[in-house]
Structures are given as structure tokens and as C-alpha cells.
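Me: Could you walk me through the nonpolar parts of this protein, inside and out? I'd like the reasoning along with each answer.

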Amino acid sequence: MNKRVFYLDNLSGLLIIEMIFLCHIRILSVMIPDSGFLYQLQYFLIFFMPWFFFKSGMFYGRNLKHDITKDAKKLLVPFVYYSFFAYSMQIVCMLLRHETITTDSLLWSQLEGIVNGAGIPWNQPMWFLVTLFIVKATYGYIEKYINKYLILLLSLIIASVFNGQSMVLDFWIGTSFQALFFYCLGDLLRDRQYKKNIWLLAIVVYVLRYCFTWINDWDARLNKIGNEDNYFLVILVLLCGIIMFNNLFKYCLDRKVSFLTFTGQHSMTFYASHFPFIMILRFYVVPYLKLEGTISGFIICSILMVIYLAFVYIGLLMLHKVRIKLLSKVAL
């Protein structure tokens, strides 16, 4: 798999849209309760974060030295860049609002966010980049010496143990091994997941989750399940959701689909840049317009988010063109 695959781009685009609008805008910005159609739609795509680890595992390669260097540039450099971008936006907003800037807001709360969950307060989703880097480096090393099925088993057991221990342990150990589990599955099932019997089984399990309410709560970042949930059953349902949608998009949407393909192909940009604006909406827009918990608030914030992301994309495109011109002048 060495070229772009349209059905994966399309599914990536759908899940990025789901995360930004149904998860972050609905929950964090507008604070709409977990009920109604929007929640049910988000609940239907609840596997969205494990899917990205699974998809990355589907592209696993074995050149460790090259991969670590490439992954550091691809994952850790954006982590630093977009964390600074979010930090700058936070400080600018505080200055414009004449809020008191303290050592805590400038330094300690930032360090606390990184220690607890690998992301500063105004760009918490950056945890994914750090976790994926750890997983790719770890898997690339240990799979040479340890049977992949043993890696799969041990990572699942460790992830289940570090569920509900403490925020730091659940994230750095639980979430890392949970991500390693899905990454390893992506490597093992990259082709086998498309067998008809496996697809049918995945559909059956994913339908049964609604009959028996197998998932009441799931937070991939914190490796957290609901109080009444069974960890292994939750993981099984998430895996079945991944397989079901991979097959659905492979056989029905393996072609360019305008905004889905575009969003999927630029998923890193939208993923890494959207959260600071989520915080602006939460602290400065929604309270001012008194839109808390309303559908109108969700619609207005969604429109503003689309405009914001369009400006971000255009801005990055212009910077890229300027960079190319500068490099061409240097070459001459």
C-alpha cells in the first residue's frame, strides 16, 4: 500500500468531520447533552479514534531507522508546531479579553496538560500524534522478536488493566497499549478484514451492540469505558465497527467524493488546527450569544468552524507557495 486509497481517505474525512462537529463542537463548545439525534450519530461512529491507529497499522513497514526519522518529522514536528499555534491563540485571546495572565496559565497548566495527556489545554487532540509515534516506534522494534499474536494479547491485557487506575497511568500506559492493540490488528488484518464472512460477523456484532447496550461510554484518549461496560466487549465492538465501515467504504465509496476525499487527504491539518477554535467558541462565542445546549448554537458554531478551517487551509497553502518560491531562489 504505497499510494493514496480513496475509500480510506473518504472514511478518514467522515471520521474527522464526526470528531470536530459531533464530538468537540457538540460536547465541548455548545455542551449539548448526550441525547437526541446528534448524540446517536456520534455514538454510531464511536470507533473513530481506534480507526486511525488501525489504519496506520495497515500501512506498517519494517525499515525501523527510516520510519523513526520519518515519523518524527510527520508526527512530533506537527505536535510542536500546532501546540505552539494553539498556545499563541490562547495568549492572544486572553490579552484581547484583558484576562489576568498568570504563571499558571502561561506555564504550569501547559505542563500539566502535557504530563497528564500529551496535549496542552488549547490543543488536547495532540495526544494522538505522540501516542502514534510511541506505538509505531515500539511495534517496529518488538515485532521482530515477539510473535504478533502475543503482542496483540499482551497489549489488550495491559490496556484493560490500566483502565480506571489514574489519569496519568490510564493515558500513558492504558491508552498506549490500547493504541498498540489496534495498530497491530491493522497490520494483521489489512487484507483478511475484507473476507465476506468477517464482514458479516462484524455487522452482526455491531447491530447486537444496540440490542444489548454493550457500550455506554468510551473515551479513547483516557482509555475509559462506562461503569457498566465490559472492557473486552467494548474493544470487540470498536473493532467490528472499524471492519464494517472499512468494507462498506471499500466496496461503495472507493472513488473521489468531493468534500470527504478532500477532508481525508488533509486530515492532519484539520485535526491539528481545529481545537483552538473549539476553545474560542466555548469560552468567548457560546456564552456571549447564550447558545449553551441549543441546536441553533450547534449550527452557528459549525458554520463558524467551517469558515475558520477554510482560512487555516488557505493560509497554509499560501505559506507553502511562499516556501517553494524561497527554496527555488536559494537553489538558483
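Reply: Happy to; what follows is a short exchange about this model, which is predicted.

Me: Which helix gives the most residues to the largest nonpolar core?

Reply: The core has 101 residues, and those touching the most other members include Phe47, Phe128, Trp218 and Met305. Leu238 is also among them. With 12 residues, the helix giving the most to this core is the one spanning residues 231-252, H10.

Me: Which residues does tryptophan 218 touch, not counting residues up to four places away in sequence?

Reply: Trp218 is one of the core residues that touch the most other members. Its partners include Gln178, Asn223 and Lys224, along with Ile46 and Pro50. The rest of the set is Ile225, Tyr231, Val234, Ile235 and Leu238.

Me: Now the surface: which helix supplies the largest share of the nonpolar patch?

Reply: The patch is formed by Tyr141, Tyr145, Ile146, Leu150, Leu153, Leu154, Ile157 and Val161, and together they have about 760 Å² of accessible area. Five of its residues come from one helix, residues 148-161, which is H7.

Me: Is isoleucine 157 buried or partly exposed?

Reply: Isoleucine 157 lies in helix H7. Buried would require under 20% relative accessible area, and exposed over 50%. Its relative accessibility is 38%, so isoleucine 157 is partly exposed.

Me: How far apart in space are isoleucine 17 and phenylalanine 270?

Reply: Isoleucine 17 sits in helix H1, and beyond its neighbours within four places in sequence it contacts Leu22, Phe259, Leu260 and Thr263. Phenylalanine 270 is 253 residues away from isoleucine 17 in sequence. In space, C-alpha to C-alpha, the two are apart by 9.0 Å.

Note on methods. Residues are numbered from 1 along each chain as its sequence is written. This is a predicted model: local features need pLDDT of at least 70, side-chain atom pairs count only at pLDDT 80 or more; totals for chains, interfaces and linings use all residues. Side-chain values use heavy atoms; hydrogens and water are left out. A nonpolar core is a set of buried Ala, Val, Leu, Ile, Met, Phe, Trp, Tyr and Cys residues joined through side-chain atoms within 4.5 Å. Buried means under 20% relative accessible area, exposed over 50%, partly exposed in between (1.4 Å probe, protein chains only). Helices (H or I, at least four residues) and strands (E, at least two) are DSSP runs, numbered from the N terminus. Contact means heavy atoms within 4.5 Å. Patches are made of residues with over 30% relative accessible area and no salt bridge: like charges are joined within 9 Å, nonpolar side chains (Val, Leu, Ile, Met, Phe, Trp, Tyr) within 5 Å. Accessible areas come from the Shrake-Rupley method with a 1.4 Å probe; for residues, only the protein chains shown count as cover. A salt bridge is a side-chain nitrogen of Lys or Arg within 4 Å of a carboxyl oxygen of Asp or Glu.
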